[in-house]
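I opened the notebook to go through this model piece by piece. These are the entries, in the order I made them.

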Amino acid sequence: MKVRKDCRGEAYLIRYADDYVCFFQYKDDTEKFYGKMKERLRKFNLEIVEDKTKIIEFGRYAEERRYEKGYSKPETFDFLGFTHYCSKSRHGKFRVKRKTSRKKFKAKIQECKIWLRQNIHTPIKELITMLNQKLVGHFRYYGVSDNIQRLRAYRYIIRRKLFSILNRRSQRKGFNWEKFAKLEERFPLAKAKIYVNTYG
């Protein structure tokens, strides 16, 4: 690639559809590329969406360098529904960790709540079977290393919404948590699970 040839350090681009992230070893390479990209887009009457594009210091030495400058923790970036952030393993080694982005988390919760309201009168067995398909689909996509807390939080909120829906459709509002627990014994909800180990 021409861009890489013009860089004095390493350079990488990760792309999926029309979304991509660029990585540069040196800041001046980043700024040069950013300027050239804006210039090239202008030739086609296009422009960068400023609020979705930013240059951040990220990587193994980002925390140390930012602290030296008096800044807080390294910045994060969102890509493909995940927030990527600098962290460390249990042994103290640098690690890029991922969690469901706040924006996607809220959107997925809202999407599932709407679906539950639309299916309030669906027979319980069928309702929970379909809900489990949605939960497993969510866990399979977002079930990557270090993201178990967000997965459990998602399941917790959806479980409470399911209880609310079942209580609402009970004529006397007599569906309590004790009855819900017995229902779960017959039709258990899918458990949060990590499907992809990004470090193994």
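The entries below cover a sheet, a serine, some salt bridges and a helix.

**Entry 1: the model.** I am working from a predicted model.

**Entry 2: the sheet.** I looked up the strand order first. I found an open sheet of 3 strands, and the order reads β3-β4-β5. The pairing is antiparallel. β3 and β5 are the edge strands, and each pairs on one side only. From one strand to the next, the twist averages 40°. As general background, I noted that strands of a sheet pair through backbone hydrogen bonds.

Next I went to β3 and β4. How many bridges join β3 to β4? I got 3, with the two strands running antiparallel. β4 covers residues 82-88. I then picked out Asp78 and asked for its bridge partner in β4. That partner is Thr83.

**Entry 3: Ser101.** Where does Ser101 sit? I placed Ser101 in the loop between β5 (94-100) and α4 (102-118). Is Ser101 buried or exposed? Its relative accessible area is 3%. The cut-off for buried is under 20%, so Ser101 counts as buried.

I then listed its contacts, leaving aside neighbours within four places in sequence. Ser101 touches Asp78, Gly81, Phe82, Thr83 and Arg150. Two of these names were already in my notes: Asp78 and Thr83 are the bridge partners from the sheet entry.

**Entry 4: salt bridges.** I looked up the count and got 7 salt bridges in the structure. I followed up three pairs.

Lys38 with Glu50: the closest N and O atoms are 3.9 Å apart. Lys38 is in helix α2 (residues 27-43), while Glu50 is in the loop between α2 and α3 (62-68). The two are 12 residues apart in sequence, so the salt bridge ties those parts together. Lys38 is partly exposed at 27% relative accessible area. Glu50 is also partly exposed, at 46%.

Lys69 with Glu57: here the closest N and O atoms are 3.7 Å apart. Lys69 lies in the loop between α3 and β3 (77-79), and Glu57 lies in the loop between α2 and α3. The pair links distant parts of the chain, 12 residues apart. Lys69 is exposed, with 51% relative accessibility. Glu57 is partly exposed, with 23%.

Asp146 with Arg95: the side chains meet in a salt bridge at 3.5 Å, N to O. Why does this pair tie parts of the chain together? Asp146 is in the loop between α5 (124-142) and α6 (148-169), and Arg95 is in strand β5, so the pair joins parts that are 51 residues apart in sequence. Asp146 is partly exposed at 30% relative accessible area. Arg95 is partly exposed as well, at 22%.

**Entry 5: helix α6.** I checked the span of α6. What should its 22 residues span at 1.5 Å a residue? The expected figure is 32 Å, and the end C-alpha atoms are 32 Å apart, so the two agree.

Which residues of α6 are buried? I wrote down Leu151, Tyr154, Arg155, Ile158, Lys161, Leu162, Phe163, Ile165 and Leu166. Arg155 and Lys161 are on that list. I added a general note: an α-helix has 3.6 residues a turn, so residues three or four places apart point the same way. What do the buried residues of α6 pack against? My last note names α4, α5 and α7 (177-186).

Terms used. Residues numbered from 1 in each chain as written. Predicted model: local features only at pLDDT ≥ 70, side-chain atom pairs only at ≥ 80, totals over all residues. Heavy atoms only, no water. Helix = DSSP H or I, 4+ residues; strand = E, 2+ residues; numbered from the N terminus. Buried < 20%, exposed > 50% of the residue type's maximum accessible area, 1.4 Å probe, protein only. Contact = heavy atoms within 4.5 Å. Salt bridge = Lys/Arg side-chain N within 4 Å of Asp/Glu carboxyl O. Pairing = 2+ DSSP bridges. Axes fitted to C-alpha atoms, helices over the stretch in contact; angles between N-to-C directions. Expected span 1.5 Å × (residues − 1).
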